[in-house]
Amino acid sequence: MIDRETAWGILTEHVQDRGLRRHMLATEAAMRFYADRLDGDPERWGLAGLLHDFDWEIHPTSEQHPMDGAPILRERGVPKDVVQAILAHNPEGSGVDAEQPMDWALRACDEITGLIIAATLVRPAKDVRQLKVKSVKRNWKDKLFCAAVSRDEVREMTEDFSRECWDGGLELWQHVGNVLEAMKGAAESLDLDGRLVQS
Ligand SMILES: [Fe+2]
Ligand SMILES: [Fe+2]
């Protein structure tokens with residue numbers, strides 16, 4: 001099993017875009033949060049989040065990503081269950097369905113991090129620690145805001161995650177609150193701690 005430092009090396013080797021790195025760090029934080037609550041291995045779940053889009057810059061279509069990246073991950077020693085979770089985040093392209101809790105979690109956490117990042121960056125403080133769920137909700141309802149994030153898809157993925165891992169007990173806004181809380185804990189590594197106000 002590779003360590004976090006090696007995984008970070010794979011990421012920085014393949015991903016130069018700051019925003020994409022931030023998205024993967026945010027997904028890592030959300031995955032670790034849920035691993036702790038679902039009896040998962042935070043190291044493995046974290047790896048799935050951190051690496052799930054590692055090949056987007058070299059394979060920037062849903063016909064290639066993440067399928068063409070999977071062999072690179074295997075070669076670098078990323079465990080099988082983590083590669084499975086990564087493949088299952090694009091089931092249409094990969095033909096790999098979600099099976100393990102880690103897979104359902106990754107699908108549910110992926111897109112919503114983008115909306116939370118955008119919601120943080122439009123506010124003057126640019127500090128995720130000051131963001132509230134109700135503010136995210138306001139942005140969510142504005143269809144033009146961060147239009148690339150499909151609300152229907154997030155809703156559907158959250159329902160799947162809830163059904164498969166929470167006996168139906170995880171509601172959408174509770175999930176958003178969880179991801180937000182996880183991201184608050186990673187504010188510094190996400191550069192969402194107010195630092196971007198100066199730069
Ligand atoms: Fe992706
Ligand atoms: Fe992603």
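A residue is termed buried when its relative accessible area is under 20%, exposed when that value is over 50%, and partly exposed in between (1.4 Å probe, protein chains only). By this criterion D53 is buried, with a relative accessible area of 9%, and H52 counts as buried because its relative accessibility is 0%. The structure is a predicted model, in which local features need pLDDT of at least 70, side-chain atom pairs count only at pLDDT 80 or more, and totals for chains, interfaces and linings use all residues. Residues are numbered from 1 along each chain as its sequence is written, chains are lettered from A and ligands numbered from 1 in the order in which they are written, and side-chain values use heavy atoms, with hydrogens and water left out.

Both H52 and D53 serve the iron ion (ligand 2), whose protein donors (N, O and S atoms within 2.8 Å of the metal, or 3.2 Å for Na, K and Ca; water is not among the atoms, so sites may look incomplete) are H23 (NE2), H52 (NE2), D53 (OD) and D110 (OD), at 2.1 to 2.2 Å. Along the chain these donors follow the spacing H-x28-H-D-x56-D. D53 also coordinates the iron ion (ligand 1), which lies 3.9 Å from the iron ion (ligand 2).

A further buried residue is R151. The side chain of R151 reaches the backbone oxygen of C146 at 2.9 Å, and a polar atom of that side chain lies 2.9 Å from the backbone oxygen of V149.

Key:
Lys, Arg positive; Asp, Glu negative; His and termini not counted. Salt bridge = Lys/Arg side-chain N within 4 Å of Asp/Glu carboxyl O. Polar contact = N/O pair within 3.5 Å; in protein donor to acceptor, adjacent residues only side chain to side chain.
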